[in-house]
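Reader: I should like to examine the terms applied to this structure and the grounds on which each one rests. Please set each value against its criterion.

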Amino acid sequence: MTWIKSIVYPPACFICCQACVPVRQFPGFCRSCLSRIQWISDAGTGFFWPDQLTHAVISDERIYGTAFYEEPLRSCLIRLKFQEQAEAASAVAPLMLRAMLKTKKPCDALVAVPLHRKRLKQRGYNQAALLVQSICSLSGYLDASDCLERIRCTRRQTEINNKAERSLNLQHAFRFNDVMWQKHQFSSQRPGVIWLVDDIVTTGATLQEAAKPLRMAGFTVNALVLAVNVKGFSLIRDV
Ligand SMILES: [Zn+2]
């Protein structure tokens with residue numbers, strides 16, 4: 001009966017809301033809207049982590065993004081943050097998964113950048129966690145978001161313009177929860193590869209701090225974000 005339903009209620013594009021024949025790989029969008037997304041071409045190359053630019057040792061860990069923080073993806077991200085969260089997460093998850101698979105890098109688990117419990121209570125949900133849930137349900141990867149905690153309630157990064165202050169604001173804000181990791185089925189795989197997931201990256205300070213306890217615990221950490229914000233941008237492309 002699905003075909004009858006699709007005639008009576010044809011699927012609508014998440015961006016333009018027009019009824020459309022969705023693109024098979026990305027069922028949330030129409031062709032026209034997909035063509036307007038400012039893709040990061042050759043997403044497989046990634047961006048350096050901020051501390052890789054100041055240290056002599058360069059690992060092959062990178063920050064990968066789907067597209068630049070421009071329209072029409074910008075509106076998707078706003079809807080993910082403020083309304084229709086679950087619908088937005090499932091629309092954009094295939095875009096993020098494709099960017100991740102392009103890298104051909106291994107993955108033992110995905111972990112969302114956590115919110116502090118106080119902020120989680122205010123907001124009611126963590127958009128990064130919704131992205132991880134959607135990506136994991138598409139791919140079968142392990143969602144180990146419960147292994148990373150935000151133990152300090154920091155100021156919002158968007159309220160701070162100074163780069164050094166942004167970094168200081170987040171110091172020791174995150175903690176790896178080994179007990180939770182042991183509960184997951186891949187507990188024997190350490191050190192393994194974790195993909196840290198967030199909706200957007202600007203300076204990379206949040207990702208950098210969130211990755212610290214995971215790296216201390218022995219993991220290799222790559223990051224996956226939906227959008228890369230080039231305004232105030234300090235990440236450098238690995239070419
Ligand atoms: Zn559309």
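Author: The answers below take the terms one by one. The model is predicted.

Reader: What makes Cys-13 buried?

Author: The relative accessible area of Cys-13 is 2%. Buried means under 20%, so Cys-13 is classed as buried.

Reader: How do you know that Cys-17 is in no disulfide?

Author: The nearest cysteine sulfur to that of Cys-17 belongs to Cys-16 and is 6.7 Å away. A disulfide requires two cysteine sulfur atoms within 2.5 Å, and therefore Cys-17 is in none. A search of the whole structure likewise finds zero disulfides.

Reader: What is notable about the backbone of Cys-17, and where does Cys-17 lie?

Author: Cys-17 has a phi near 65 degrees, which is positive in a residue other than glycine. Most residues other than glycine have a negative phi. Cys-17 is located in the loop between helix H1 (2-8) and H2.

Reader: Why is Lys-104 called exposed?

Author: Its relative accessibility is 75%. Exposed means over 50%, so Lys-104 meets the criterion. Lys-104 belongs to the loop between helix H4 (85-102) and S2, and its phi, near 60 degrees, is a positive value in a residue other than glycine.

Reader: Is Arg-62 buried or exposed, and on what value does the term rest?

Author: Arg-62 has a relative accessible area of 7%. The limit for buried is under 20%, so Arg-62 is buried. Arg-62 occupies the loop between helix H2 (31-36) and strand S1 (63-68).

Reader: What does the side chain of Arg-62 reach, and what makes that a polar contact?

Author: The side chain of Arg-62 reaches the backbone oxygen of Ser-59 at 2.8 Å. A polar contact requires N or O atoms within 3.5 Å, and 2.8 Å satisfies that cut-off. Along the chain, Arg-62 and Thr-103 are 41 residues apart, and their C-alpha atoms are separated by 9.8 Å.

Reader: Why is strand S5 described as largely enclosed by the rest of the structure?

Author: Strand S5 covers residues 193-201, and nine of its nine residues are buried, so the rest of the structure largely encloses this strand.

Reader: How do you know that S5 pairs with strand S2 and is joined to strand S6?

Author: Two strands pair if at least two bridges are found between them. Strand S2 (residues 109-112) and S5 have four bridges, in the parallel sense, so the criterion is met. One of the partners is Leu-196 in S5, bridged to Val-111. S5 and strand S6 (residues 220-228) run parallel and are joined by eight bridges, so this pair also qualifies. Val-193 has Thr-220 as its bridge partner in S6. From S5 the chain passes through helix H9 (residues 205-216) to S6, in a right-handed β-α-β crossover.

Reader: Which residues lie nearest the centre of the largest pocket, and which elements supply its lining?

Author: Of the 34 lining residues, Lys-81, Gln-157, Thr-158, Asp-199 and Ile-200 lie nearest the centre. Helix H3 (73-82), helix H5 (117-123), S5 and H9 each supply at least two lining residues. H3 gives the largest share, five residues. The space in this pocket is about 820 Å³.

Reader: Where is the cis peptide bond, and what is its omega?

Author: The cis bond joins Glu-71 and Pro-72, with omega about 5 degrees. Pro-72 is in the loop between S1 and H3.

Note on methods
Residues numbered from 1 in each chain as written. Predicted model: local features only at pLDDT ≥ 70, side-chain atom pairs only at ≥ 80, totals over all residues. Heavy atoms only, no water. Buried < 20%, exposed > 50% of the residue type's maximum accessible area, 1.4 Å probe, protein only. Right-handed = clockwise from strand over helix to strand, strands pointing away. Polar contact = N/O pair within 3.5 Å; in protein donor to acceptor, adjacent residues only side chain to side chain. 1 Å grid on protein atoms, 1.4 Å probe; cavity = no way out; pocket = protein on both sides within 12 Å on 5 of 7 lines; lining within 4 Å. Points joined across faces, edges and corners; volume = space filled by probe spheres on them.
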